[in-house]
Structures are given as structure tokens and as C-alpha cells.
Amino acid sequence: MAQLTLKQADVSYEEKERLFTQVTQDIRFHDYLKGCYECGICVAACPSARFYDFSPRKITQAVAREDIELVYKQMNEDVWNCSQCFSCDRCPRGNSPGGIITILREVAVKNGLRTAKAALEGYGRVVYKIMSTGTQVSPDMLQPDAFPDWGPEVRDVSENLDLWRRALPPETLHTTELAWDIEEKTLTELYLIWHLTGVLDMIKEIDEGLHMILQDVMEEALEEKGYHLS
Ligand code: SF4
Ligand code: SF4
């Protein structure tokens, strides 16, 4: 953390201000921040606040006060402790602290901040799975060595995965490589959305290798459907 603090001190105030301006210019910003009563309801509702030195109230107030230095610090540290559950949306002032954190994270990723790359480093497999299949973490990723923190039962589940999946009532879930069967039309729409909204470009800022793989997968599929994007 001492190294991180040193690096942050190396960043000019103008650069921090530029990043803050990107946050406030986000189209969602004024919907997510109206003011703050300092009531702490968001903290009481926040699961991450129970386990980490983390406070959605402090982040909301730093942004509302336009505390450029503190917001930059939070953008590099605190925001990655949020689980994006949006329990804090019960804010009586009408704020969405989780939404503000989403914007802060996106600005951190779009600008390739080193801390954003470090925070997302372990999620390459998950991002690949979600963005290439259009679903989410799939049953075949439940392997003991992949997620050691998921406990000893993972081994039993992974050994009988096919059987467990066939026991599920909806037919779309009888699959182990995907979370559920997804229609080609839906996947095409998702690929187009990720291309056109710049989500794929954001991946490039944090992991160029992953970006290349995803781009190949998506472009090939989209070209088959008659879309030529590059
Ligand atoms: S719940 Fe809303 S008003 Fe209360 S501290 Fe959190 S952000 Fe501020
Ligand atoms: S979205 Fe983030 S800040 Fe809000 S309650 Fe969930 S973990 Fe806490």
C-alpha cells in the first residue's frame, strides 16, 4: 500500500481533476447523486461494509463535496470492495451510492488505472465466459482448484455435475458448459451491445490478450450474421 500511495502522489492534481470530470459528465451521474443527509442508512444496508473498511456514505460524500484527492484515492482502492448489490439504493435522499461506484469503476477501467487492472486481474476467466457465451459463470467452472474459497463441497458437485444439472426442471439449464442454453438471436444482440456501447473497448484497457480473444469470437459470429463492425 505504501507503493500505491507513492504512485498516487505522483499523479498530478490536473489528472485527478480530469478523471473526476469524466465521473460528473457521465449521463447517469445526476440520477445517482442528489445530495446526502449523512444518515448512514446506505452503510447499514451494505454487505461489504460489514466485512471491509468500506463505506458507501464516505464515497457519496466525497463525490458530492468534489473532494478530488479523496475521490481519486477511493477510485483506486475502496470502489473495488463494492459487490454491486445495490442494497444502498434505499437511500432516503434518492442517491444510488452503488451507481456512483459503478461510474467510478468505469472511469478507472476506461483510463487503464493500474489499480483497476490489479483488481480485475483474477477475473479474466469469468469475463471471458460471460462475454463469449452471453450467460454467466458456468457449472463446469466449479472446480476445486479454480475457486478454493467455495469450500470442500465443490469437489462432490464437480464430480457429478452432469447428473446434478439434469435434475434441474427447466430444460435450458441441462448444460454444464453454459449457465443455461441461450438463443443465437440473444447472443448476437449481446455481442452488438458490447461492441456498440464500448464495453469491449474497456476490456482492452485492462487486458489486451482477453480483448483480442473476445474480439475474434464476436466478430466471427457477427460476420456470420451479416454484421461487419471493424
Ligand atoms: S443513505 Fe443516502 S443520504 Fe444517507 S448517508 Fe447514505 S448516501 Fe447519504
Ligand atoms: S452496491 Fe456496493 S455500496 Fe451499495 S450496498 Fe451493495 S456493496 Fe454496498
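This report describes a predicted model, moving from its domains and core to its pockets, its ligand surroundings and a few single residues.

## Domains

The domain assignment of the protein gives two stretches, with domain 1 covering residues 13-111 and domain 2 covering residues 122-224. When the C-alpha atoms of each stretch are reduced to a centre, the centres of domain 1 and domain 2 turn out to lie 28 Å apart.

## The largest nonpolar core

In soluble globular proteins, nonpolar side chains tend to be buried together. In this model the largest nonpolar core holds 28 residues, and the members that touch the most other members are V23, V63, M75, L104 and L113. Helices α2 (13-24), α6, α7 and α8 are the elements that give two or more residues to this core, and the largest share, seven residues, comes from α8.

## The largest pocket

Rolling a probe the size of a water molecule over the atoms shows where empty space is left. The largest pocket found in the model contains about 980 Å³ of space. Its lining is made up of 30 residues, of which W80, R105, V109, L120 and V127 are the closest to the centre of the pocket. Four helices each give two or more residues to this lining, namely α8 (97-110), α9 (114-120), α10 (124-133) and α14 (199-206).

Where does the largest pocket lie with respect to domain 1 and domain 2? Both domain 1 (13-111) and domain 2 (122-224) give residues to the lining, and therefore the pocket lies between them. Sorted by class, the residues of this lining comprise 17 that are nonpolar, six that are polar and seven that are charged.

## The second largest pocket

The second largest pocket holds about 180 Å³ of space. Among the residues that line this pocket are D53, F54, S55 and K58, together with K73, Q74 and E77. Helices α6 (56-64) and α7 (68-76) each supply at least two residues of the lining, and the largest share, three residues, comes from α7. By class, the lining of the second largest pocket divides into three nonpolar, three polar and five charged residues.

## Around the two ligands

Which residues are the closest to ligand 1? They are C36, Y37, C39, C42 and C91, out of 13 residues that surround this ligand. Helices α4 (41-45) and α6 each supply at least two residues of the shell around ligand 1, and the shell as a whole has seven nonpolar, three polar and three charged residues.

Ligand 2 is surrounded by 14 residues, and the closest of these are C46, C82, C85, F86 and C88. In the shell around ligand 2, at least two residues come from α5 (47-51) and at least two from α8. This shell has nine nonpolar and five polar residues, but no charged residues.

## Two residues with positive phi

F86, already named as one of the closest residues to ligand 2, is found in the loop between α7 and α8. Although F86 is not a glycine, it has a positive phi of about 65°. Its relative accessibility is 31%, and F86 therefore counts as partly exposed, a class that lies between the limits of 20% and 50%.

E66 is another residue other than glycine with a positive phi, in this case near 55°. E66 is found in the loop between α6 and α7. Is E66 buried or exposed? With 54% relative accessibility, E66 counts as exposed, because the exposed class begins over 50%.

## Two residues in the later part of the chain

E189 is found in helix α13, which covers residues 184-196, and at 39% relative accessibility E189 counts as partly exposed. Although E189 and L222 are separated by 33 residues in sequence, their C-alpha atoms are 9.4 Å apart in space.

P170 lies in the loop between α12 (161-166) and α13. P170 is also partly exposed, with a relative accessible area of 39%. The separation of P170 from H195 is 25 residues in sequence, while in space the distance between their C-alpha atoms is 31 Å.

Notes:
Residues are numbered from 1 along each chain as its sequence is written. Chains are lettered from A and ligands numbered from 1 in the order in which they are written. This is a predicted model: local features need pLDDT of at least 70, side-chain atom pairs count only at pLDDT 80 or more; totals for chains, interfaces and linings use all residues. Side-chain values use heavy atoms; hydrogens and water are left out. On a 1 Å grid over the protein atoms alone, a cavity is a set of points where a 1.4 Å probe fits but cannot get out, and a pocket is an open set with protein on both sides within 12 Å along at least five of seven lines; lining residues have an atom within 4 Å of a point. Grid points are joined across faces, edges and corners, and a volume is the space filled by probe spheres set on the points. Ala, Val, Leu, Ile, Met, Phe, Trp, Tyr, Cys and Pro count as nonpolar, Asp, Glu, Lys and Arg as charged, and the others, Gly among them, as polar. Domain bounds come from an automatic or database domain assignment. Buried means under 20% relative accessible area, exposed over 50%, partly exposed in between (1.4 Å probe, protein chains only). A residue is near a molecule or strand if one of its heavy atoms lies within 4 Å of it. A nonpolar core is a set of buried Ala, Val, Leu, Ile, Met, Phe, Trp, Tyr and Cys residues joined through side-chain atoms within 4.5 Å.
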